[in-house]
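Here are some short exercises to work through with the model open beside you. Try each task before reading its solution.

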Amino acid sequence: MWEKRRTVAAAVQAVFWVLLPFVRVDGVRLFAFDLDGNRIHLLGKVLWFGEFYFFLFLSIAVISFFIAITAVLGRVWCGWVCPQTMIPLIASKAGRLFPGRNERTKRAVILIPVTAVVTALLFLLFVEPGAFLPLLARSRTALLLFGMTWLVIYADLAFWGPRFCATVCPYSILQEVLFDEETLVVEYDRSRHPCLLCGACERVCPTGIDIKNGLQRECIACASCIDACSRVTEKKNIPPFISYRGRVWRKKAGVLTSLWVLATAVFIVSHLSRPDFLFTVARKGETAGGAPVFEYSLRNGTPRKIKFRITSPGSRLLGQTEGGLSPYGAASGTFVAGGGEGRGVTIILEAEGRKIVRHLEES
Ligand code: SF4
Ligand code: SF4
């Protein structure tokens, strides 16, 4: 039965999302936003917001993933991965552990604590796990934001649910463009029409459609109608009238999957192989006496504290030219190069065995 498989998929994803805020590689979280530090923790490395090209690579990898998976597997994301459909599934399954026949009411009640946990997990992607509860205890704004987010998520999942998929979700609209004749979809077998007309498929459909009318935008490929039809038809020893239809491995699948793998590989390799220590320096003008003024920035992508020193052969640097960088920390400052000769200035940064030389021409 497809529902069992979806439940296993939902459980695996629940474990993943619960663990995600706590997993660290070399002290860096696997995935988290650090808005104070202007950076993202990703795959055990720090990605600074200023590193535009990495976000471009990341965006290309994510977009190519959605294009490939949609063209090949249809709405598998919607029915098997999207939190919008998987969280209510978990709540429905949990509701069956309690007495009572009204499944909707039980699900709505169970969604209250479940969406509180979901909201907390969402916040943990922005806040260190150890700082989350103290933050809520000390900041009214954070508490209000938490409460409002919880309310919106709860209202969406408990009351709006799959109507969101059919009306607002932009991904559902995009899918119509990506589908072709062989894309995997849930389909009613019209060659055997009419079926037993029991109506079971309509009753279980979370989006309230009748799959017998053909493929519709509202269908999230959850396969609940296949299960419902199977329960009816197996009593008569005939195959169900509804099933998954499509061809997964074909030329289009190969091309799109290869493009996605390539885009992901480019991002991962460039992300993991980029230097863990960044130094930029630029001329910002000059003093009243004509001496050049420089502005620099340093970023430490290592879990170690680093001491740095900036020098310039032939020049005397006045300003902040020495200091320490905390693990995964950043620093910036200005200095004036005085007493130099010639048209250019050479700036040398030394930090824990690293030596980075920049030569800046006078403008
Ligand atoms: S038609 Fe079937 S697969 Fe599509 S949403 Fe309804 S129950 Fe799920
Ligand atoms: S569940 Fe199967 S037999 Fe019953 S109405 Fe739907 S398609 Fe027909």
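The exercises below cover a core, a ligand shell and a helix pair.

This is a predicted model, in which local features need pLDDT of at least 70 and side-chain atom pairs count only at pLDDT 80 or more, while totals for chains, interfaces and linings use all residues. Residues are numbered from 1 along each chain as its sequence is written, and ligands are numbered from 1 in the order in which they are written.

**Exercise 1.** Find the elements that give two or more residues to the largest nonpolar core.

Step 1: A nonpolar core joins buried Ala, Val, Leu, Ile, Met, Phe, Trp, Tyr and Cys residues through C-beta atoms within 7 Å; buried means 20 or more other C-beta atoms within 10 Å, with C-beta atoms placed from the backbone.
Step 2: Of its 18 residues, V186, I211, A221, C225, C229 and I242 touch the most other members.
Step 3: The elements are β6 (185-188) and α11 (224-233), as DSSP runs (helices H or I, at least four residues; strands E, at least two).
Step 4: α11 gives the largest share, 4 residues.

**Exercise 2.** Name the closest residues around ligand 1.

Step 1: Count residues whose C-beta atom lies within 6 Å of the ligand.
Step 2: Of the 14 that surround ligand 1, the closest are C205, I211, C219, C222 and C225.

**Exercise 3.** How do the axes of α1 (residues 2-19) and α4 (residues 83-95) cross?

Step 1: Using lines fitted to C-alpha atoms over the stretch in contact, with angles from 0 to 180 degrees between N-to-C directions, the axes come within 10 Å and cross at roughly 110 degrees.
Step 2: Therefore α1 is roughly perpendicular to α4, a label for 65 to 115 degrees.

Note on methods. A residue is buried if 20 or more other C-beta atoms lie within 10 Å of its own, exposed if 12 or fewer, and partly exposed in between; C-beta atoms are placed from the backbone. Angles under 35 degrees count as roughly parallel, over 145 as roughly antiparallel, 65 to 115 as roughly perpendicular and the rest as oblique.
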